[in-house]
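Here are a few exercises to work through with the model open beside you. Try each task before reading its solution.

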Amino acid sequence: MEILIINSGSSSLKYQLIDSKTGESKAKGIVDRINIDGSYVKYVAVKNGKEIEVKKEQPIPTHEVGMNLVAELLTDPEVGVIHNPSDIKGVGHRVVHGGEKFVQPTVITDEVVAEIKRLIPLSPLHNPGHLEGIRVAQKLFNKATHVAVFDTAFHQTMPAKAFRYAIPNEYYEKYGLRAYGFHGTSHKYVDAQARKHLNNQHIKNITIHLGNGASMAAVNEKGQCVDTSMGLTPLDGLIMGTRTGQIDASVAFFLGQELGMSYEEVKTLFNKKSGMLGLTGHSDARDVAALYRSGDANAALCYEMYGYRIEKFIGAYTAALNGLDSIVFTAGLGENDALTRSFACKHLDFFGIKLDEKKNEELNHPTKPVEIQAADSRVKILIIPTNEELQIVNEIVDLVK
């Protein structure tokens with residue numbers, strides 16, 4: 001059964017066609033810079049054992065135009081991997097914010113669309129793009145079952161003591177102001193892979209998703225998330241590529257009252273001009289690593305702060321779990337940056353977390369779960385490549401059937 005996974009943003013649309021029986025990707029790509037100069041569609045497929053890559057640069061004014069280009073490539077006689085759009089039996093839509101209502105994959109109905117729309121104030125950068133992706137995909141793949149998989153769903157097992165803010169109750173009861181957490185699909189996938197790799201379904205596990213956005217989750221022996229580092233929005237928690245992470249709210253008051261910055265300017269500063277970018281002038285960790293190796297003081301401080309923030313959450317989550325069996329690094333930096341992992345594990349001997357630096361370097365860029373802890377480490381340290389698209393497929397197959 002072919003399942004099409006769609007991750008639609010405000011100006012882009014990522015897609016991947018996966019065979020649900022084998023888990024293999026048949027085609028994937030992106031429609032980028034929608035309604036922006038320089039728009040293009042990229043398509044990579046495997047056909048008759050050969051990889052095919054197509055890139056078309058042309059005006060793409062809307063998501064609908066972009067989705068039609070994807071459908072044309074998927075069904076093209078020369079490069080396509082299906083005969084027509086009706087061959088796709090299920091379409092999985094990644095949706096960032098599902099609020100408290102959605103705790104599992106959900107078949108998309110008019111009521112579901114209305115709820116995703118209602119949650120736009122909690123996710124103004126993401127949910128509108130998801131809704132547009134759903135609209136055009138339902139129109140084009142009208143024979144398929146469309147399912148929404150929510151980034152927030154995995155974290156809905158958190159107890160109130162973890163997700164509530166210490167503000168008057170009415171702001172939670174009337175407006176839903178609480179911590180929701182994100183990257184849930186990735187956290188759920190790598191946690192399950194860790195349990196499988198360690199042949200133990202009852203581990204106490206900390207998953208660490210480090211990409212341009214970064215978050216952590218504490219997962220108990222039942223496989224339930226009990227705490228996570230992101231909050232009402234993806235701004236909270238770890239230092240990220242361009243986001244501040246955890247910061248005293250009074251900094252926002254100072255910027256507004258003393259410097260005259262508007263709400264929009266403060267939001268832009270915290271979300272798009274801070275983090276690694278604010279500390280070093282670069283948001284890509286590869287550039288920051290190059291600066292660090294050249295002896296740049298700002299880059300050195302950035303790595304120290306980045307690693308220290310992760311260490312603090314590991315300490316807090318070890319307490320929340322009342323013990324720890326394993327930690328998992330995943331996503332772009334987590335899988336591929338040995339320096340980041342090294343800084344994140346420097347001062348954790350008390351917890352029995354000891355990194356083997358040689359393994360950390362040698363087992364970089366893994367294609368399957370690998371262990372990088374020292375021989376005398378009481379806690380397993382794993383690198384596990386994430387696969388959010390495959391996780392979405394696994395979750396929606398039964399609903400499609």
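**Domains**

The protein chain splits into domain 1 (2-150) and domain 2 (199-388), with bounds from an automatic or database domain assignment. Their centres, taken over C-alpha atoms, lie 29 Å apart.

Before you start: this is a predicted model, where local features need pLDDT of at least 70 and side-chain atom pairs count only at pLDDT 80 or more, while totals for chains, interfaces and linings use all residues. Residues are numbered from 1 along each chain as its sequence is written, and side-chain values use heavy atoms, with hydrogens and water left out.

**Exercise 1.** Work out the strand order of the eight-strand open sheet.

*Solution.*
- Strands are DSSP runs of E, at least two residues, numbered from the N terminus (helices: H or I, at least four); two strands pair if DSSP finds at least two bridges between them.
- The order reads E5-E4-E3-E2-E1-E6-E8-E7, with mixed pairing.
- Strands E5 (50-57) and E7 (106-107) are the edges, each pairing on one side only.
- Strand E4 (residues 40-47) runs antiparallel to E5 over eight bridges. Val44 has Glu53 in E5 as its bridge partner.

**Exercise 2.** Find which helix gives the largest share of the largest nonpolar core.

*Solution.*
- A nonpolar core is a set of buried Ala, Val, Leu, Ile, Met, Phe, Trp, Tyr and Cys residues joined through side-chain atoms within 4.5 Å; buried means under 20% relative accessible area (1.4 Å probe, protein chains only).
- This core has 42 residues, and Met216 and Ile310 are among those touching the most other members.
- Helix H11 (297-321) is one of the elements supplying at least two residues; with nine, H11 gives the largest share.

Methods: Buried means under 20% relative accessible area, exposed over 50%, partly exposed in between (1.4 Å probe, protein chains only).
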